[in-house]
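Please open the structure in your viewer and keep the selection tool ready. The tour below proceeds from one selection to the next.

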Amino acid sequence: MLAELDPQVARVLARLPKIERDKMTPEDARRASRERAALLRPRTEPVDHVAERSVSTSEGPVRVRVYTSGDARRPALVYLHGGGWVLGDLDGPDALCRTIAVHAGCVVVSVEYPLAPEHKFPAALEASYAVTRWIAEEGDSIGADPERIGVGGESAGGNLAAAIALLARDRGGPRLAFQLLLVPVLDRAFETRSYRENAEGYGLTRAEMMWFWSHYLRAPADADSPYASPLRATDLRGLPPALVVTAEFDPLRDEGAAYAERLREAGVAVELRHYRGVVHGFLPMTAEVEIARRAVDDIVHSVRATLAPQGARVS
């Protein structure tokens with residue numbers, strides 16, 4: 001099975017401890033996942049300014065980490081970490097946020113949204129949407145251009161980013177310029193071809209995704225909401241341009257591709273980038289995996305091309 005993977009990815013997976021989060025309590029799964037993530041040690045780079053702020057939301061105060069490179073006012077990218085809505089924190093995507101801030105000409109605002117099961121759907125979404133509105137209303141306070149806001153995230157964070165784009169359209173703002181959907185969760189459906197092919201053995205498992213969804217939703221009927229399962233939205237017109245990234249050995253591969261196709265059919269400018277030989281969690285493997293480094297370069301290029309203003313100097 002591992003022979004089908006990119007050899008560098010296979011070596012990383014072989015040295016990482018195997019954990020079965022679906023058989024753990026959320027607290028134990030969080031601890032095990034933090035310990036496992038620390039072993040990846042992705043490449044990081046210095047940023048001119050990193051600061052933490054607290055944003056008031058209907059779900060309580062939300063901590064954000066703001067990455068700024070340069071003094072000029074720049075577009076903003078709201079970034080939502082992965083972890084199945086149950087796991088994750090601001091440290092997980094730190095390396096990627098730094099890279100985007102330095103090389104894509106953006107202020108990056110990473111959001112520590114409330115986690116399930118303590119805070120079930122739609123708590124994480126409403127809190128993240130409130131942060132997006134805060135940037136639109138008070139972006140000048142962090143050097144961000146409130147007229148050029150993108151949303152993005154990985155896995156469950158990609159789900160939240162897609163849902164924020166829908167909410168912003170449906171609630172009349174803020175007007176978004178981009179959505180960055182990295183190996184996103186887009187539907188509560190476990191019988192796609194990619195789920196069948198990659199149910200076990202590639203890091204993220206089918207059983208774990210079922211566990212994540214069970215903690216996130218208040219009831220199974222919540223999955224019918226397009227704000228929980230964006231792929232179930234009846235109308236995707238009027239959404240911002242998107243980059244969708246998928247991985248070959250990922251249970252979520254097919255829903256990402258399907259969403260990109262739905263966006264295209266709705267007249268939304270979308271780029272689908274599919275990376276072969278890699279697993280769901282490949283993006284933080286930049287220290288050891290060439291494909292991960294190439295993917296991050298592609299992400300930076302897409303963010304810069306879509307959000308950075310004409311003529312802006314970026315690193």
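**Salt bridges**

Across the whole structure, a search finds 28 salt bridges, each a side-chain nitrogen of Lys or Arg within 4 Å of a carboxyl oxygen of Asp or Glu. This is a predicted model, in which local features need pLDDT of at least 70 and side-chain atom pairs count only at pLDDT 80 or more, whereas totals for chains, interfaces and linings use all residues. Residues are numbered from 1 along each chain as its sequence is written, and side-chain values use heavy atoms, with hydrogens and water left out.

Select Arg-73 and Asp-140: they form a salt bridge whose closest N and O atoms are 3.1 Å apart. Asp-140 is exposed, at 54% relative accessible area (buried means under 20%, exposed over 50%, partly exposed in between; 1.4 Å probe, protein chains only).

Next, add Asp-145, which also forms a salt bridge with Arg-73, the closest N and O atoms being 3.9 Å apart. Asp-145 is buried, with a relative accessible area of 17%.

Now select Glu-261 and Arg-264, whose side chains meet in a salt bridge at 3.0 Å, N to O. Glu-261 is partly exposed at 35%, and Arg-264 is partly exposed at 39%.

**Nonpolar core**

Which residues touch the most other members of the largest nonpolar core? Select Val-131, Ile-135, Met-209, Trp-213 and Tyr-259, which do so among its 66 residues. Such a core is a set of buried Ala, Val, Leu, Ile, Met, Phe, Trp, Tyr and Cys residues joined through side-chain atoms within 4.5 Å. Another core, of 44 residues, lies apart from it and includes Leu-40 and Leu-283.
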